[in-house]
Amino acid sequence: MAARLDNEIGSIFIDNAVIASIAGASAMECYGLVGMSAKSTASGLVELLKRENMTKGVKISTDNDEILIDLFIIVEFGTNISAVANNIIDKVKYNIENMTGMTVKKVNVNVQGVRVEK
């Protein structure tokens with residue numbers, strides 16, 4: 001379902017894939033984030049997504065003119081997870097509200113794993 005924004009001239013429909021792309025790109029700019037993840041329902045394994053598939057780690061729900069976002073991420077070992085998550089929430093909310101003109105009701109960050117760099 002696409003997000004809908006009405007004005008005096010007509011309506012603007014923004015596809016959820018566009019909002020997911022904005023959210024994924026915004027999250028990837030944040031320090032401490034290794035990448036987006038997709039959880040395989042069959043095996044329960046967490047997969048680190050490449051940049052071109054990062055929207056698979058984003059779930060968008062729209063309710064009237066409000067957007068609900070679920071992000072599935074992998075963080076870097078040694079970082080403060082709550083600080084990284086709060087930074088992601090602020091950045092994603094700011095960018096989506098500025099680019100779409102819609103209200104972000106909630107951003108949920110689901111940490112799917114921690115990556116240890118050698």
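User: Is Val-114 buried, partly exposed or exposed?
Analyst: In this predicted model, Val-114 is found in strand β7. The relative accessible area of Val-114 is 46%. Buried would need a value under 20% and exposed one over 50%, so the class of Val-114 is partly exposed.

User: What is the area of the nonpolar surface patch that Val-114 helps to make?
Analyst: At 46%, Val-114 passes the patch requirement of over 30% relative accessible area. The other members of the nonpolar patch are Phe-77, Ile-81, Val-111 and Val-116. With Val-114 included, the patch has an area of about 450 Å².

User: How many bridges join β6 to β7?
Analyst: Strand β6 covers residues 66–76 and strand β7 covers residues 103–115, and the two run parallel. Among the bridge partners are Ile-74 with Gly-113 in β7, and Glu-76 with Arg-115 in β7. The number of bridges between β6 and β7 is 11.

User: What is the handedness of the β-α-β unit that contains helix α2?
Analyst: Helix α2 spans residues 81–100 and forms the unit together with β6 and β7. The two strands of the unit are parallel. The handedness of this β-α-β unit is right-handed.

User: Which residue takes a positive phi in the hairpin of β5 and β6?
Analyst: Strand β5, residues 58–63, pairs with β6 in the antiparallel sense over 6 bridges. One of the partnerships puts Lys-59 opposite Asp-70 in β6. The hairpin has 2 residues between the strands, and the positive phi, near 55 degrees, belongs to Asn-64.

User: How far apart in sequence are the parts that Lys-91 and Glu-29 tie together?
Analyst: The side chains of Lys-91 and Glu-29 meet in a salt bridge, with 3.0 Å from N to O. Lys-91 lies in helix α2, whereas Glu-29 is in the loop between α1 and β3, so the pair ties together parts whose separation in sequence is 62 residues.

User: Is Glu-29 buried, partly exposed or exposed?
Analyst: Lys-91, the salt-bridge partner of Glu-29, is partly exposed at 30% relative accessible area. Glu-29 has a relative accessible area of 54%. The cut-off is over 50%, so Glu-29 counts as exposed.

User: Which residue forms a salt bridge with Lys-93?
Analyst: The structure holds 2 salt bridges. In the one with Lys-93, the closest N and O atoms are 3.1 Å apart. Lys-93 is partly exposed at 33% relative accessibility, and its partner is partly exposed at 25%. Both lie in helix α2, 4 residues apart, about one turn of the helix, and the partner of Lys-93 is Glu-97.

User: What is the C-alpha to C-alpha distance between Gly-24 and Ile-88?
Analyst: Gly-24 has its place in helix α1, residues 16–28. Gly-24 is buried, with a relative accessible area of 0%. Gly-24 and Ile-88 are 64 residues apart in sequence, and their C-alpha atoms are separated in space by 9.8 Å.

User: Which element of the protein chain has the lowest mean pLDDT?
Analyst: The protein chain has 2 helices and 7 strands. Its average pLDDT is 85, and 85% of the residues score at least 70. The highest mean among the elements, 95, belongs to α2, while the lowest, 60, belongs to strand β4.

Technical notes. Residues numbered from 1 in each chain as written. Predicted model: local features only at pLDDT ≥ 70, side-chain atom pairs only at ≥ 80, totals over all residues. Heavy atoms only, no water. Pairing = 2+ DSSP bridges. Right-handed = clockwise from strand over helix to strand, strands pointing away. Patch = residues over 30% accessible without salt bridge, like charges linked within 9 Å, V, L, I, M, F, W, Y side chains within 5 Å. Areas by Shrake-Rupley, 256 points an atom, 1.4 Å probe, with all protein chains shown as cover. Salt bridge = Lys/Arg side-chain N within 4 Å of Asp/Glu carboxyl O. Buried < 20%, exposed > 50% of the residue type's maximum accessible area, 1.4 Å probe, protein only. pLDDT = per-residue confidence, 0-100.
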